[in-house]
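Please look over the sequence and the model together before reading on; the paragraphs below go from the overall fold to a single element.

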Amino acid sequence: MKPEIIKRILSSFVLIPIALFFIIKGSFFFTFFVATCFLITLYEWHMMSKKKTYNIFGFIFLMFAFYSVYFIRNELEKHGLLIFLFIVLVCVSTDIGGYVFGKLFKGPKLTKISPKKTYAGVFGGYFLSIIFTHILINYSELFRDQNFGRDEFVFVLIISTVSQVGDIIISYFKRLSKIKDTGKLIPGHGGILDRIDGMLFAFPFYLI
């Protein structure tokens, strides 16, 4: 197994429990967590797009994206946490599916904007997001009153698509800046913006 993949896996094992703690705990903890991610993401975007004409538009979008994250978790009453976790799960499983299937099956490239993206990866993103969501809803106590039906299936496909489009858009801006990652904060993943690019489009999409 390549060192980069090992770093990616180990980082995920550390980050996921920490992120879940702040998300589920809510209140001040969640606000602190979101604010920290927001500031780091702003910095990464600025370093990537400084002196570019679209710099300010990125700042505006990021403010709305993080507002959506905060609003969905804190303002949607008792359903806020479930919806938040649902969106995160779809985005994360889409990312994992795209990475794994893309590495295993390779095949035709999806777009020149993001050379590593393949059609196999797109299928893998859809496949794993549906499987993971189905398992969570049907076997998790947190979602015990929910059912995975047609509406949920369509919702997963839509959020997964938005997440993948968001990933490609950020990849496009990285190519314009001639960089591989937006930062080096997370070993194996790059920066915070690299890690949450799909979510930054999925949350505003849901809110709208």
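**From fold to helix**

In this predicted model, the order of elements along the sequence is α-α-α-α-β-β-α-α-α-α. The radius of gyration is 17 Å, close to the 17 Å that the globule rule gives for 208 residues, so the protein is as compact as a globular protein of that length. In total there are eight helices and two strands, and the C-alpha atoms fill a box of roughly 50 × 40 × 30 Å when this is taken along the principal axes.

Turning to the packing, 44% of the 208 residues count as buried, and among the contacts with a separation of 6 or more, 67% come from residues 24 or more positions apart. On the outside, the protein exposes about 12200 Å², of which carbon and sulfur atoms supply 70%. As for charge, there are 23 positive and 13 negative side chains, and the centres of these two sets lie 13 Å apart.

Helix 3 can serve as a closer example. Helix 3 covers residues 55-75, and because each residue should add 1.5 Å, its 21 residues should span 30 Å, which agrees with the 30 Å between its end C-alpha atoms. Which residues of helix 3 are buried? They are Asn55, Gly58, Phe59, Leu62, Ala65, Phe66, Ser68, Val69, Ile72 and Arg73. In reading that list, it helps to recall that an α-helix has 3.6 residues a turn, so residues three or four places apart point the same way.

Technical notes: Residues are numbered from 1 along each chain as its sequence is written. This is a predicted model: local features need pLDDT of at least 70, side-chain atom pairs count only at pLDDT 80 or more; totals for chains, interfaces and linings use all residues. Side-chain values use heavy atoms; hydrogens and water are left out. Helices (H or I, at least four residues) and strands (E, at least two) are DSSP runs, numbered from the N terminus. The radius of gyration is taken over C-alpha atoms; the globule rule is 2.2 Å times the number of residues to the power 0.38. Buried means under 20% relative accessible area, exposed over 50%, partly exposed in between (1.4 Å probe, protein chains only). Contact means heavy atoms within 4.5 Å. Accessible areas come from the Shrake-Rupley method with a 1.4 Å probe; for residues, only the protein chains shown count as cover. Lys and Arg count as positive and Asp and Glu as negative; His and the chain ends are not counted. The place of a charge is taken as NZ of Lys, CZ of Arg, CG of Asp or CD of Glu. The expected span of a helix is 1.5 Å times one less than its number of residues.
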